[in-house]
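Colleague: I'm still new to reading structures, and I'd love a close look at one single part. Could you walk me through it slowly?

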Amino acid sequence: MVCFVGIGLPSAAANLARNTHAPEVVLIYESGTIGAKPAVLPLSIGDGELAETADTVVSVPEIFRYWLQAGRVDVGFLGAAQIDKYGNINTTIIGGTYDTPEVRLPGAGGAPEIATASKEVWIVLKQNKRTFVNKLHFVTSAGHQSAWNVSLGNGGSARQPLRGNGPTVVITDLGVLVPDPETSEFTLVALHPGVTVDQAKAATGWELKVTQVLEETPAPTEFELKALRDLYARTEAAHGAASTEG
């Protein structure tokens, strides 16, 4: 599997997978590194750890044109500051206007292309009413169907041009959501151990739909926990405590 990885939680999850059940996964980062095998979590796409451990490094245009836009990326793995019920994400601004926001976020980077051109898109973030919102403050990357117009309050009359399957799963600290096959609205299909439906609904800024048969995700194994703790410990030793916050 070829996975185009975002920095932060997606990078942590992808490298945990590489260190456990998916040692052959090919991790691609936006800076042009292919087959990166970082021993510590990168601070950014320009972190030297990625280039030093990669199978090869190519130009950014080649990453996007040859790999992503040509359909060679199986999974785009993204984070978000905000997400709506259709899988649109915002990583640009919070509050105010684009020119005068209350908070300026890192921005789009390659996320808009990753979201629309990957064969499928996985999104990982913490679930609360600040992140799971009924209307995005800014649409950075498009999700399903008429989500762009719905988020902007335009009635949702146009379909978004997704070359891949778009967002196929949202993983949070509370559970797992997948799009409804008819409406494309993200629906809760699984909860993590100890989490309740009421907790998930209270952490969502829209009326969260729940599947009739709700599953429970398996608890992490000791092997997985050790691998994750070792990864963060190495990262903190290399970059300091600030690199592992959140």
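Colleague: What covers the buried residues of H7?

Modeller: Happy to help! Keep in mind that this is a predicted model. The cover over the buried residues of H7 includes helix H1, residues 9-19.

Let's begin with H7 itself. Helix H7 runs over residues 222-239, and at 1.5 Å a residue its 18 residues should span 26 Å. The C-alpha atoms at its two ends are 25 Å apart, which agrees with that expectation.

Now for the side that H1 helps to cover. Ala227, Leu231 and Thr235 are buried in H7. Around the axis they take up an arc of only 65°, so they sit on the same side of H7. Why might that happen with residues spread along a helix? An α-helix has 3.6 residues a turn, so residues three or four places apart point the same way.

Next, turn to the opposite face. Glu222, Lys226, Arg229 and Ala237 are exposed, and they are carried by the face of H7 turned away from its buried side. To recap the two faces, Leu231 is one of the buried residues, whereas Lys226 is among the exposed ones on the face turned away.

Finally, follow the chain past the end of the helix. Just after H7 comes Gly240, which takes a positive phi of about 100°.

Methods
Residues are numbered from 1 along each chain as its sequence is written. This is a predicted model: local features need pLDDT of at least 70, side-chain atom pairs count only at pLDDT 80 or more; totals for chains, interfaces and linings use all residues. Side-chain values use heavy atoms; hydrogens and water are left out. Helices (H or I, at least four residues) and strands (E, at least two) are DSSP runs, numbered from the N terminus. The expected span of a helix is 1.5 Å times one less than its number of residues. Buried means under 20% relative accessible area, exposed over 50%, partly exposed in between (1.4 Å probe, protein chains only). The arc is that of the directions from the helix axis to the C-beta atoms. Contact means heavy atoms within 4.5 Å.
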